[in-house]
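Thanks for coming. I will go through a few local features of one structure, so please have it open in front of you.

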Amino acid sequence: MTINDLRRLFMEEISTEDMTAALLEVQSAWADKGMELLELATGWRFQSRLAMREYLDRLTPEKPPKYSRAVMETLAIIAYRQPVTRGEIEEIRGVTVSSNVIKQLEDRGWVEVVGHKETVGRPGLYATTRQFLNDLSLTTLQELPMLDDAEAQAASVAQRVIEFEGDQAVAVDQVIDVVDTSSSEEPASVDATDNIENNEKTND
């Protein structure tokens, strides 16, 4: 809930400053409990702590979706370089981006087209969504670490996805070596590999 929504519960008799102070007090009071109060992009939310996942997974034994290396690379590029076109993503990755990769991120609600670049063909400009910020427990994109290295950027995003989806969401080797822009493979062959990887994944 947003601060304004919370204030409406009290007929707006409580100021924004007092409401924020009260939320911080609640946040502190729950610091050593299994739930935590977080401020996210769309407001404040109670959620279970990562340490509780072991127990909650016993109630919902379904495994989280696995994300391929291509998906994590693409998500990281959009998160750090947005807004970007598909062609710009391909230029950074050095390989063709599979349509399945973009579709998976769109279906997950993490990226969307926010406009079109004024150039030949007016390609769509991709950016991350508020859902992406909420799921990765971010208030703003500025909370992502400032990294110049593409591999480090992808690893940073991958780690947050792991924390959100669970330890099985992304393989460890994908975090360690999530970007390889020096690949000597031709774009077409890599695109085919991306398609195979994404056909095997399970959509959320």
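Where is W30 placed? This is a predicted model, and in it W30 sits in the loop between α2, residues 16-29, and β1, residues 35-40. Its relative accessible area is 30%, so W30 counts as partly exposed. W30 also helps make a nonpolar patch on the surface. The other members of that patch are V26, M35 and F46, and the area comes to about 310 Å².

Now go back along the chain, to the loop between α1 and α2. α1 covers residues 3-9. Which residues in this loop should we look at? I picked M11 and E12.

M11 is not a glycine, yet its phi is positive, at about 55°. E12 is likewise a residue other than glycine, and its phi is near 60°, again a positive value.

Are these residues buried or exposed? M11 has a relative accessible area of 66%, and exposed means over 50%, so M11 is exposed. E12 has 48% relative accessibility, so E12 counts as partly exposed.

The last stop is a peptide bond. Is the bond from Q82 to P83 cis or trans? The bond is cis, with omega near -5°. P83 belongs to the loop between α4, residues 69-81, and α5, residues 86-93.

To recap: W30 is part of a nonpolar surface patch, M11 and E12 have positive phi values, and the peptide bond from Q82 to P83 is cis.

Technical notes:
Residues are numbered from 1 along each chain as its sequence is written. This is a predicted model: local features need pLDDT of at least 70, side-chain atom pairs count only at pLDDT 80 or more; totals for chains, interfaces and linings use all residues. Side-chain values use heavy atoms; hydrogens and water are left out. Patches are made of residues with over 30% relative accessible area and no salt bridge: like charges are joined within 9 Å, nonpolar side chains (Val, Leu, Ile, Met, Phe, Trp, Tyr) within 5 Å. Accessible areas come from the Shrake-Rupley method with a 1.4 Å probe; for residues, only the protein chains shown count as cover. A salt bridge is a side-chain nitrogen of Lys or Arg within 4 Å of a carboxyl oxygen of Asp or Glu. Helices (H or I, at least four residues) and strands (E, at least two) are DSSP runs, numbered from the N terminus. Buried means under 20% relative accessible area, exposed over 50%, partly exposed in between (1.4 Å probe, protein chains only).
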